[in-house]
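Subject: Structure handover and notes

Dear colleague,

I am passing the structure below to you, and my notes on it follow. Please read them with the coordinates open beside you.

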Amino acid sequence: MHQRILIIGATGMLGKPVTQQLIKDGFEVTIFSTNKAKASKIFPISTIIEGDMQNAESIRNALKGQNSVYMNLAIPTNAKKTDWNPERDGVKTVVTEAKKEGIKRIGYLSSKISGYGNWWVMQDKRSAVKDIKSSGIPYLIFSASVFMDNFNGTQKDRDKINVLGKSKVRMFYIAASDFAKQVSRAFSLENDSSYTFNIQGSEAFTISEAADVFVKNHTKEKLKVRKAPMGLFKFMGLFNRKLSFVANLMEALNNHPEKFDSEETWEKLGKPTLTLKEYAKK
């Protein structure tokens, strides 16, 4: 088992449950964060190393003594194509420094929609996977569908669940807590093989269908679904970089076809157990 793992991106919506699960399962976790105070509040008993992904020496120092590294990254919604970003430039730096430090395995959260279109964000996500696969270091790529947790995060605005455009495809929603268990099991695999794991739940919904299920079964507060036309967001995106980012992302989610292909993942890492209805009630 690769016991010592450096986590980059531990405090976010998806990084937090993965990190908590790894700690629970006995891994020696070190957290690399730009905000040590924030990370220490979330993970008070873990080793926290404050650093910057744009600084190669900072990455190199954090990797010393580690067996593995796991990355949960996101491009800022206000970023431009020419800006430094963690999924393109940050991954390159981590790969370079991981080779120098003799890291035995690299884990990385990717997305199933990264194969959609030629938007520069998707190109950068594909570039990150390519750099990891060509590094010569055994890897664990997690190609994930949509997470239920978005309904408590990016899609929630006070008492509204936002749905942008018309969703034409069904996606296999999965809870981050189930994904966290799969990541932990993946790092527990004894051999040094490389894997690309397809990460999906057992139920498929369009975004609109999923929003309706979540709102109907959510018990903490009364919610409503708020729908907005894609054309309006694209127009406003001409003047607002963040809205442009959101429109492009939702267009990919609404249109990228997704087939079920997680049989091997379930066989090796276990089947997700939480349904969207159960998640909403929790």
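Is Arg-158 buried or exposed? Bearing in mind that this is a predicted model, Arg-158 has a relative accessible area of 68% and is therefore exposed, the cut-off for that class being over 50%. Arg-158 forms a salt bridge with Asp-157, with the closest N and O atoms 3.7 Å apart, and Asp-157, at 28% relative accessibility, counts as partly exposed.

Salt bridges

The count of salt bridges in the model comes to 16, and two others deserve a description alongside the one above. Glu-101 pairs with Lys-64, their closest N and O atoms being 3.2 Å apart. Because Glu-101 sits in the loop between α4 and β5 while Lys-64 sits in the loop between α3 and β4, this pair ties together parts that are 37 residues apart in sequence. Both partners are partly exposed, Glu-101 with a relative accessibility of 24% and Lys-64 with a relative accessible area of 44%.

The other is the salt bridge between Arg-170 and Glu-209, where the closest N and O atoms are 2.5 Å apart. This pair also links distant parts of the chain, since Arg-170 belongs to the loop between β8 (160–164) and β9 (171–173) and Glu-209 to helix α7 (residues 207–217), 39 residues apart. Arg-170 is partly exposed at a relative accessible area of 45%, and Glu-209 is likewise partly exposed, at 27%. In addition, salt bridges that share partners join Arg-60, Glu-97 and Lys-100 into one network.

Helix α4

Helix α4 covers residues 86–100, 15 residues in total, and reaches 20 Å from its first C-alpha to its last, which is close to the 21 Å expected at 1.5 Å a residue. At its start, a side-chain oxygen of Asn-85 comes to within 2.9 Å of the backbone nitrogen of Glu-87, and just after the helix Gly-102 takes a positive phi of about 70°.

Why can α4 be described as largely enclosed by the rest of the structure? The reason is that 11 of its 15 residues are buried, that is, under 20% relative accessible area. The buried set takes in Pro-86, Glu-87, Arg-88, Asp-89, Gly-90 and Val-91, and further along the helix Thr-93, Val-94, Val-95, Glu-97 and Ala-98. Glu-97 thus appears both in this buried set and in the salt-bridge network with Arg-60 and Lys-100. The cover over the buried residues of α4 includes the strands β1 (4–8), β4 (68–71) and β5 (105–111), together with the helices α3 (56–63) and α5 (120–133).

Helix α7

In α7, the helix that holds Glu-209, the buried residues are Ile-207, Ser-208, Ala-210, Ala-211, Phe-214, Val-215 and Asn-217. These buried residues pack against the strands β8, β9, β11 (203–205) and β12 (224–228), and against the helices α9 and α11 (276–281).

Two buried serines

Ser-114 is placed in the loop between β5 and α5 and, at 10% relative accessibility, counts as buried. The side chain of Ser-114 reaches the backbone oxygen of Ser-111 at 2.8 Å. Beyond its neighbours within four places in sequence, Ser-114 is in contact with Met-122, Lys-125 and Arg-126.

Ser-143 is found in strand β6 (residues 139–144) and also counts as buried, with a relative accessibility of 13%. When residues up to four places away in sequence are left out, Ser-143 touches Ser-110, Ser-111 and Lys-112, as well as Phe-197, Asn-198 and Ile-199. For the pair Ser-143 and Ile-199, a separation of 56 residues in sequence goes with a C-alpha to C-alpha distance of 5.7 Å. Ser-111 is therefore a point of reference for both serines, as a contact of Ser-143 and as the residue whose backbone oxygen the side chain of Ser-114 reaches.

A nonpolar surface patch

On the surface, Phe-235, Leu-238 and Phe-239 form a nonpolar patch whose accessible area together is about 410 Å². Within this patch, Phe-239 lies in the loop between α8 (230–237) and α9 (241–255), and its relative accessibility of 65% makes it count as exposed.

With kind regards

Terms used: Residues are numbered from 1 along each chain as its sequence is written. This is a predicted model: local features need pLDDT of at least 70, side-chain atom pairs count only at pLDDT 80 or more; totals for chains, interfaces and linings use all residues. Side-chain values use heavy atoms; hydrogens and water are left out. Patches are made of residues with over 30% relative accessible area and no salt bridge: like charges are joined within 9 Å, nonpolar side chains (Val, Leu, Ile, Met, Phe, Trp, Tyr) within 5 Å. Accessible areas come from the Shrake-Rupley method with a 1.4 Å probe; for residues, only the protein chains shown count as cover. A salt bridge is a side-chain nitrogen of Lys or Arg within 4 Å of a carboxyl oxygen of Asp or Glu. Helices (H or I, at least four residues) and strands (E, at least two) are DSSP runs, numbered from the N terminus. Buried means under 20% relative accessible area, exposed over 50%, partly exposed in between (1.4 Å probe, protein chains only). Contact means heavy atoms within 4.5 Å. The expected span of a helix is 1.5 Å times one less than its number of residues. A polar contact is a pair of N or O atoms within 3.5 Å; within protein, one must be able to donate a hydrogen and the other to accept it, and residues adjacent in sequence count only if both atoms are side-chain atoms.
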